[in-house]
Amino acid sequence: MFYSQHLASFILDTKEIPAEVKNRAKELMLDSIGTALAASKEQSVLRAFEAFKAMSCKEAKEAKIWFSDESIEAQYAAMLNGFAAHALDYDDTHTEAILHASAILTPLCLTWGFSIGADGDKILRAFVLGWEIGARLGVASKGSFHKRGFHTTALCGTYAATVASAILLDLNEEELINALGIAASFSAGINEFLSNGSNSKLLHIANAIRNGIFIAKLAKAKLSGPLSVFEGRDNFFRAFGIEQDCDKDVLVKELGKSYAVMQVSIKPYPTCHFAHGLIDCALELRKDGLKDEDISSIKCFVDEVPISFICDPLEKKYEPKSAYEAKFSMPFLFALAFKDGFLSLKSLENLNREDVLSFAKKISYEKRVSSGFPKYFPGHLEALLKDGKIIKKDVFINKGNFDNPLSFEELKAKFLYNAKLSISEEKALNIITQIKNLENLKTFTI
């Protein structure tokens, strides 16, 4: 049996989702809606709004933008909501898969799914199983997509969106197998956005949503895809990853015994997730009572894949030119957290603080393999004090990881803070009520 056949059988045979898995899915959705609402005034989001509105067909079924009173064609509304959910880099991550699927699946399911008449129970199943397949592909790649320069969320997120769309459109087994085969031809997204902090990374989210819907519709119309999409001569892992490093058995191992949504980490800081363990270290150094003037230098130990995102080239990372660039600057983020004792959305409003810039230049890095990566995004460092003493800090499990999670109260506080940047507290609280009751809903409103 080909992997695509095995996965299709599992997806269609899974009719009931365990209660704890549903509850976690709801938390991830709530967090994604909040991060989208917080980004409502971002220039990139507003520009995308204009673009998607121009492409929208007025005769098509419309859906509401979460942060606006306007409605546009449902698939474009979902794309824009997803774009916004990822715009601040404050959305969740499956750390081992290195995948941001909730920013894709939450608007795909809630915005587009309800627009085509799906009910809340089907929407929850589409969200959970979309996450399941997308995450398994990411884990199987063993980080090799990123090593090749591809954005795992762009590749695996397309599969997550395809599976969710297939469930929402009631594809049969043959159609679903074809959709899995077709999806590889639509997977795309490179990491060159890092060179100048451009918006193309956000389009990976919107593109995955659009392509997932499109692929499911193509498969429902009986277009075919390769059965051997994961095994053949030019398979998905060979095309985008380093095939000999991959573990394809992960695709089908213990299907249904555990669910990927249970291993998703929610961010406490609005930055690239790779930096979170080191931000935790910075806060620990500060708690020790150390001051800038006590420290001569800091060496951070970082795994290979994160280096290309948050450390290299170091000279450029010392002085980010935009808030988005700053989210991918390990020394700048470390310095902010150490100086202020926290890191929030407001932390990135002033990139010219001399105290932060000068402290950041004390920070360097060295490549080192850590035992927990990529299940965890750990932080390890040595700080050389001016009196010659060396202080070591090790954070093995970053705050917000599923093994060191935010409490529901912490998650709720994050959501309300984010949501109230765009809507009233009354509306925000109503969103929480709706999400808690999602399986019984026929529509979702903000």
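I took accessible areas from the Shrake-Rupley method with a 1.4 Å probe, where for residues only the protein chains shown count as cover. On that basis the chain exposes about 17300 Å², and carbon and sulfur atoms supply 49% of this area.

I noted that the model is predicted, so that local features need pLDDT of at least 70, side-chain atom pairs count only at pLDDT 80 or more, and totals for chains, interfaces and linings use all residues. Residues are numbered from 1 along each chain as its sequence is written, and side-chain values use heavy atoms, with hydrogens and water left out.

**Overall form.** I looked up the radius of gyration (over C-alpha atoms; globule rule 2.2 Å times the number of residues to the power 0.38). The chain has 21 Å, which agrees with the value near 22 Å for a compact globule of 446 residues. Its C-alpha trace spans about 70 × 50 × 40 Å along the principal axes. I found that 62% of the 446 residues are buried (under 20% relative accessible area, 1.4 Å probe, protein chains only).

**Strands E7 and E8.** I read helices (H or I, at least four residues) and strands (E, at least two) as DSSP runs, numbered from the N terminus; the chain has 19 helices and 8 strands. Strand E7 (residues 379-385) runs antiparallel to E8, and 6 bridges join them (pairing requires at least two DSSP bridges). Leucine 381 stands opposite lysine 393 in E8. The two strands form a hairpin with 4 residues between them, and glycine 388 in the turn has a positive phi of about 95°. In E8 (residues 390-395), I saw Ile391, Lys393 and Val395 buried on one face, whereas Ile390, Lys392 and Asp394 point to the other and are not buried.

Key. Buried means under 20% relative accessible area, exposed over 50%, partly exposed in between (1.4 Å probe, protein chains only).
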